[in-house]
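Here is a short tour of one structure and the surroundings of its ligand. Have a look at the model first, then read on.

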Amino acid sequence: MRTIDWKEESNSVVLVDQTLLPKEYRIIECKTLSSLCEAIKSLRIRGAPALGVAGGFGIALAAFLSGARDFETIIRDLKIAGKTLKSTRPTAVNLSWGVDRVLKAVSDAFDVQGVREIALREARDIAEEDVVTNKSIGESGAELLKDGDTVLTHCNAGRLACVDWGTALGVVRSAIAEGKKIKVIACETRPLNQGSRITAWELMQDKIPVTLISDSMAGWVMQQGLVDSVLVGADRITQDVVFNKIGTYSLSILAKEHGIPFYVAAPTSTFDFNGWEGSVKIEIRDPDELRFFGSEQLAPKDVEVFNPAFDATPMENITAIITEKGVFYPPFLLDEVLV
Ligand SMILES: CSC[C@@H](O)[C@@H](O)C(=O)COP(=O)(O)O
């Protein structure tokens, strides 16, 4: 099963509910835009490339649900749906990218039926391309990993963050497919534990050796010589920084201090050519994500909490950016990457 897909029979979006992992692998169906938006907000579907696909399918879903009888009205409905989808998670640029790509495509239609057909075709293309793109990222990046290497990763940049294969974990999969023995150290990734719940689970499914550590152990395992490279995904790459899951910036400093290469793997759809660190909104999430773990209380109920979901790693801390167009080394001139 792909992480996210379109269900023909009911014209709905189906996805793996990642909030239930690793306890349960369940596919849920989103038949309304509000259920899809809820799934995005609560991280049932998450990870930048998967969010791009969710954005595309979201517009297709809105097209099928719209009661409009003429072209202008359905386009107006889709633009409203696009705004609603984009507002669910502001930092990962792929969500807006997926929405805008489908909105642009439907402007070529002439009538309501044409809008529905084009929206679905374009959204499906985004999903198909994601798999091909990740395989190319994997092939580009595999050359950076040596037989016997141990890679430290953060959050989940695997097949569950994409349609399939993965970006950072796609590089690991491709290196293993080439016959190299690669081990992964997965950081737990507090507060929502994408590392321990999702990365550890998905790697174990594929029998890829994985060792879980808490986020606070990263410096020590590097100092002990247990890490050959750090490999993470990205939510938005601007001219000056890489936005990724909170904790990535600290890992980049630790890697620099210990002389360990720090790689970012991402599709070019994650590049925000016009963006700068200051122009991007970092998503601030519910304080209860830190005060509780499920129903378990971890802190005083009303303690002041700061819960940013992402941080920004400066380009000077990054050894290379791995894309489907190849591996790029500093200085990272985004217009060169995007040609
Ligand atoms: C290939 S996914 C890269 C990033 O999207 C991933 O590392 C990440 O930060 C995801 O954050 P999340 O909040 O779980 O959506």
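Helices (H or I, at least four residues) and strands (E, at least two) are DSSP runs, numbered from the N terminus. With that in hand, glycine 47 sits in the loop between H1 and H2, and arginine 46 lies in that loop between helix H1 (33-41) and H2 too.

This is a predicted model, where local features need pLDDT of at least 70, side-chain atom pairs count only at pLDDT 80 or more, and totals for chains, interfaces and linings use all residues. Residues are numbered from 1 along each chain as its sequence is written.

Now for the ligand. Its shell holds 18 residues, and the closest are Arg46, Ala157, Ala161, Gly233 and Lys245 (near means a C-beta atom, placed from the backbone, within 6 Å of the molecule). Helix H2 (48-65) and strand E9 (241-245) each provide at least two shell residues. Domain 1 (4-134) and domain 2 (143-338), with bounds from an automatic or database domain assignment, both contribute to the shell, so the ligand lies between them.

Back to the loop: are arginine 46 and glycine 47 buried or exposed? Both are buried, which takes 20 or more other C-beta atoms within 10 Å of a residue's own, these atoms being placed from the backbone (exposed is 12 or fewer, partly exposed in between). Contacts in the table are C-beta atoms, placed from the backbone, within 7 Å, leaving out neighbours within four places in sequence.

| Residue | C-beta atoms within 10 Å | Contacts |
|---|---|---|
| Arginine 46 | 27 other C-beta atoms within 10 Å | Gln18, Leu51 and Ala161 |
| Glycine 47 | 31 C-beta neighbours inside 10 Å | Asn156, Ala157, Leu160, Ala161 and Cys162 |

Definitions and conventions. Contact = placed C-beta atoms within 7 Å.
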